[in-house]
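Student: I have a structure open in my viewer, and I would like to learn how to read it. Could you walk me through it?

Tutor: Happy to; let's put it on the screen.

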Amino acid sequence: MSVRSLLERASGALGRWQFLDAPSYQVEHAISLTYLLTGRHARRLQDLLHGVWLGHPLHPVLATVPIGSWTAAALLDGLDATGRGGPGAGQAARHVVRLGVVGAVASAAAGATDWQHAHDEARRVGLVHAALNSTALALYTWSLADRRRGRATRARATAAAGYAVVLAGGYLGGVLSYRHRLGSDHAVRANEPRRFVPVAEAADLVDGEPLAVDADGVPVVLVASDGRIHAVGGRCPHQGAPLGEGWLHRGEIVCPWHGSRFHLDSGEPAQGPATAPLPCYETRIDDGRVEVRRKAHWRTPMAVTTVEEASR
Ligand code: FES
């Protein structure tokens, strides 16, 4: 059996472990309670950790800190153990292990904030990913304590065990991102429709009520608000919820699944967990029908030329 199919079988089995559901909901409740305790700062803190300000999830960015630091520590430990690193190798290893521990705590906070909205297989794989990374963090914290006490051999052994665990956790992080698309952009970002296409009768629009329509195969949501007709993507970038089932709150469209809010003019997220903006569309009314086309700034220069010519 190839390494790939072995790993795929193992990660697939994790996703089917339904006995993980009960503890995962307990962990989720603990995360929710922690945020509740932060009071009015909860929303801002969650948006910060989701990466709403960044435009994509913060967790993978923070995860590079422990992985990089602990890789450097493994190298320095190896040089120190073989006596080829000079007198500073052990001390340098201690510094990078400490940096990795700090980065791992921040990365875990961001990862847990994202994971609380995961479902089914992604939730189970995410729980194991978190358990592995927490084990690695505990091993490196232990290693750090041993380094302070001068127990260099045991500190290096503990760190080596932690490194093996963090690699396994990193593999599952990849499964979550690339197989389960946790943290990926789920919005439909086709460059269509390039020309105005009719999508609904203007009379069907009710002020403040989102209406899901199909624009040449692209899901779009129309919202009449403040005397204007807005058109944004019909799938939430977070996990693909149908925004036509959402609602309006203070002029922003709210996702029905996890409560992300988006500005209707720009599509930018006003509140997470979504971090990516919604696609936006131009609208016009022709002969009593609402027509939409993709906003020009989303198109390539060649496509803009084509559309400009077509609209003359
Ligand atoms: S699908 Fe999660 S906020 Fe929209």
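Student: To begin, how many helices and strands are there in the chain?

Tutor: A good start is to count the secondary structure. This is a predicted model, and its chain holds 8 helices and 10 strands.

Student: And how do I judge the overall form? What radius of gyration does the chain have?

Tutor: The idea is to set the chain beside a reference globule. Here the radius of gyration is 24 Å, while a compact globule of 312 residues would come out near 20 Å. Along the principal axes, the C-alpha atoms fill a box of roughly 80 × 45 × 45 Å. As for burial, 39% of the 312 residues count as buried.

Student: Into which domains is the chain divided?

Tutor: Domain 1 covers 3-179 and domain 2 covers 197-311. Their centres, taken over C-alpha atoms, are separated by 38 Å. Look at the interface too: 12 residues of domain 1 are in contact with 8 residues of domain 2. On the domain 1 side, helix α3 (residues 42-50) gives the largest share, 4 residues.

Student: Next, the interior. Which residues touch the most other members of the largest nonpolar core?

Tutor: A core is easiest to read from its best-connected members. In this one, which has 36 residues, they are Trp70, Ala73, Val97, Ala136, Tyr140 and Ala159. Helices α4 (59-81), α5 (89-115), α6 (120-149) and α7 (152-179) each supply at least two residues of the core. The largest share, 10 residues, comes from α6. Apart from this core lies another, of 29 residues, including Val213, Val223, Ala274 and Cys280.

Student: Can we zoom in on one member? What is alanine 73 in contact with, leaving aside its neighbours within four places in sequence?

Tutor: Alanine 73 is in contact with Ala93, Val96, Val97, Gly100 and Ala159. For the chain as a whole, take the contacts with a separation of 6 or more: 61% of them join residues 24 or more positions apart.

Student: Now leucine 75, which has its place in helix α4. Why does leucine 75 count as partly exposed?

Tutor: Neighbour counting settles that. Leucine 75 counts as partly exposed because it has 15 C-beta neighbours inside 10 Å, whereas 20 or more would be needed for a buried residue. You can also check a distance: leucine 75 and glycine 169 are 94 residues apart along the chain, and 20 Å separate their C-alpha atoms.

Student: On to the sheets. In what order do the strands of the 6-strand sheet run?

Tutor: Reading a sheet means going from one edge to the other. This open sheet has the order β1-β10-β9-β4-β3-β2, with antiparallel pairing. Its edge strands, β1 (197-201) and β2 (211-215), each pair on one side only. From one strand to the next, the twist averages 35 degrees. At the β1 end, β1 and strand β10 (residues 289-294) pair in the antiparallel sense over 4 bridges. Proline 198 stands opposite glutamate 291 in β10.

Student: And what is the order in the open sheet of 4 strands?

Tutor: That order is β5-β6-β7-β8, and the pairing is antiparallel. The edges are β5 (247-249) and β8 (269-271), each pairing on one side only. Ignoring direction, neighbouring strands of this sheet are turned by 40 degrees against each other on average. Within the sheet, β6 (residues 252-254) pairs with β7 (residues 261-263) over 3 bridges in the antiparallel sense.

Student: Which residue of β7 does isoleucine 253 stand opposite?

Tutor: Phenylalanine 262 is the residue of β7 opposite isoleucine 253.

Notes
Residues are numbered from 1 along each chain as its sequence is written. This is a predicted model: local features need pLDDT of at least 70, side-chain atom pairs count only at pLDDT 80 or more; totals for chains, interfaces and linings use all residues. A nonpolar core is a set of buried Ala, Val, Leu, Ile, Met, Phe, Trp, Tyr and Cys residues joined through C-beta atoms within 7 Å. A residue is buried if 20 or more other C-beta atoms lie within 10 Å of its own, exposed if 12 or fewer, and partly exposed in between; C-beta atoms are placed from the backbone. Two residues are in contact if their C-beta atoms, placed from the backbone, lie within 7 Å. Two strands pair if DSSP finds at least two bridges between them. Axes are lines fitted to C-alpha atoms, for helices over the stretch in contact, and angles run from 0 to 180 degrees between N-to-C directions. The radius of gyration is taken over C-alpha atoms; the globule rule is 2.2 Å times the number of residues to the power 0.38. Domain bounds come from an automatic or database domain assignment.
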